[in-house]
Amino acid sequence: MNPIKWGIIGCGDVTEVKSGPALQKARDSELIAVMRRNGELAADYAKRHKVPRFYNNALQLINDPDVDAVYIATPPDSHASYTKAVALAGKPVYVEKPMARTYAECRTMVDVCKTNNIPLFVA
C-alpha cells in the first residue's frame, strides 16, 4: 500500500504536539506539506518537523499534486471554505473540531463532500 501523503492547513498548537506528529508516525502516512499565512512561520514549522514542503497560501497546498489528503487545523471560521476547496480538488478532508461555527456551515461541508464523493472526517 502506498502511504497517504498529508498536507496541513494551519500549523497552530494542536498540530505541534498532537496531529502533526501523529500524521508522521501512523503507519502508511506521511506529512509532506504544511501551510501558514506567515511564510516564515510555515518554513520554521516545516524545518522543525522535517516536513519537505511549506506554503503561505492554502490553495497551493490543496493543489499540490503530491498531497493526497488535507487536514484543516485553522480557526472554525475558515473550515467551510477550506473544506469546499479541498473537496473540489478531489481530496479527502480531515477537519479539526469544532467542525464549523453553525449548523448551516456544517451542512454545506457535508453536502459539498457528498456531491463530490469525498470523505469528510472531523477530529
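Biologist: In this predicted model, which residue of β3 does M35 stand opposite?

Modeller: The strands β2 and β3 run parallel and are joined by three bridges, and β2 spans residues 29–35, while β3 covers residues 53–55. Within that pairing, the residue in β3 that stands opposite M35 is Y55.

Biologist: What is the order of the strands in the open sheet?

Modeller: Strands of a sheet pair through backbone hydrogen bonds, either parallel or antiparallel. Here six strands form an open sheet with parallel pairing, and neighbouring strands are turned by 25 degrees against each other on average, direction ignored. Because β3 and β6 each have a single partner strand, one side of each is left without a neighbour in the sheet. Read across the sheet, the order is β3-β2-β1-β4-β5-β6.

Biologist: How many bridges join β1 to β2, and how enclosed is β2?

Modeller: The two strands run parallel, and one of the places where they face each other is I8, which stands opposite V34 in β2. Six of the seven residues of β2 are buried, so this strand is largely enclosed by the rest of the structure. The number of bridges that join β1 to β2 is six.

Biologist: What is the bridge partner of V93 in β6?

Modeller: Strand β6, residues 120–122, stands at an edge of the sheet, and three bridges join β5 to β6 in a parallel arrangement. For V93, the bridge partner in β6 is L120.

Biologist: Which hand does the β-α-β unit made by β2, α3 and β3 have?

Modeller: The helix in this unit, α3, covers residues 39–49, and the two strands of the unit run parallel to each other. The unit made by β2, α3 and β3 is right-handed.

Biologist: Which element gives the most residues to the largest nonpolar core?

Modeller: In soluble globular proteins, nonpolar side chains tend to be buried together. The largest core here has 25 residues, of which I9, M35, L61, V70 and I72 touch the most other members. At least two residues come from each of β2, α4, β4, α5, β5 and α6. The element that gives the most, with five residues, is α5.

Biologist: How many of the 10 residues of α5 are buried, and at what angle does α5 run to β4?

Modeller: The buried residues of this helix are H79, A80, Y82, T83, A85, V86 and A87, and just after the helix G90 takes a positive phi of about 80 degrees. The helix lies across β1, β2, β4, β5 and β6. The number of buried residues in α5 is seven, and its angle to β4 is about 180 degrees.

Biologist: Where does E16 lie, and why does its pairing with R48 tie together separate parts of the chain?

Modeller: Side chains of opposite charge can pair when their charged atoms come close. The side chains of R48 and E16 meet in a salt bridge at 2.8 Å, N to O, and E16, D44 and R48 are linked in a network of salt bridges. R48 counts as partly exposed at 41% relative accessibility, and E16 is also partly exposed, at 21%. Since R48 lies in α3, the pair ties together parts that are 32 residues apart in sequence, with E16 in helix α1.

Biologist: Is E96, the salt-bridge partner of K18, buried or exposed?

Modeller: The closest N and O atoms of K18 and E96 are 3.4 Å apart, and the pair links parts 78 residues apart, with K18 in the loop between α1 and α2 and E96 in the loop between β5 and α6. K18 counts as partly exposed at 38% relative accessibility. With a relative accessible area of 8%, E96 is buried.

Biologist: What is the relative accessible area of D64?

Modeller: D64 forms a salt bridge with R53, the closest N and O atoms being 2.7 Å apart, and R53 counts as partly exposed at 28% relative accessibility. D64 sits in the loop between α4 and β4, while R53 belongs to strand β3, 11 residues apart. D64 is buried, with a relative accessible area of 4%.

How values were computed
Residues numbered from 1 in each chain as written. Predicted model: local features only at pLDDT ≥ 70, side-chain atom pairs only at ≥ 80, totals over all residues. Heavy atoms only, no water. Buried < 20%, exposed > 50% of the residue type's maximum accessible area, 1.4 Å probe, protein only. Helix = DSSP H or I, 4+ residues; strand = E, 2+ residues; numbered from the N terminus. Salt bridge = Lys/Arg side-chain N within 4 Å of Asp/Glu carboxyl O. Core = buried A, V, L, I, M, F, W, Y, C linked by side-chain atoms within 4.5 Å. Pairing = 2+ DSSP bridges. Axes fitted to C-alpha atoms, helices over the stretch in contact; angles between N-to-C directions. Contact = heavy atoms within 4.5 Å. Right-handed = clockwise from strand over helix to strand, strands pointing away.
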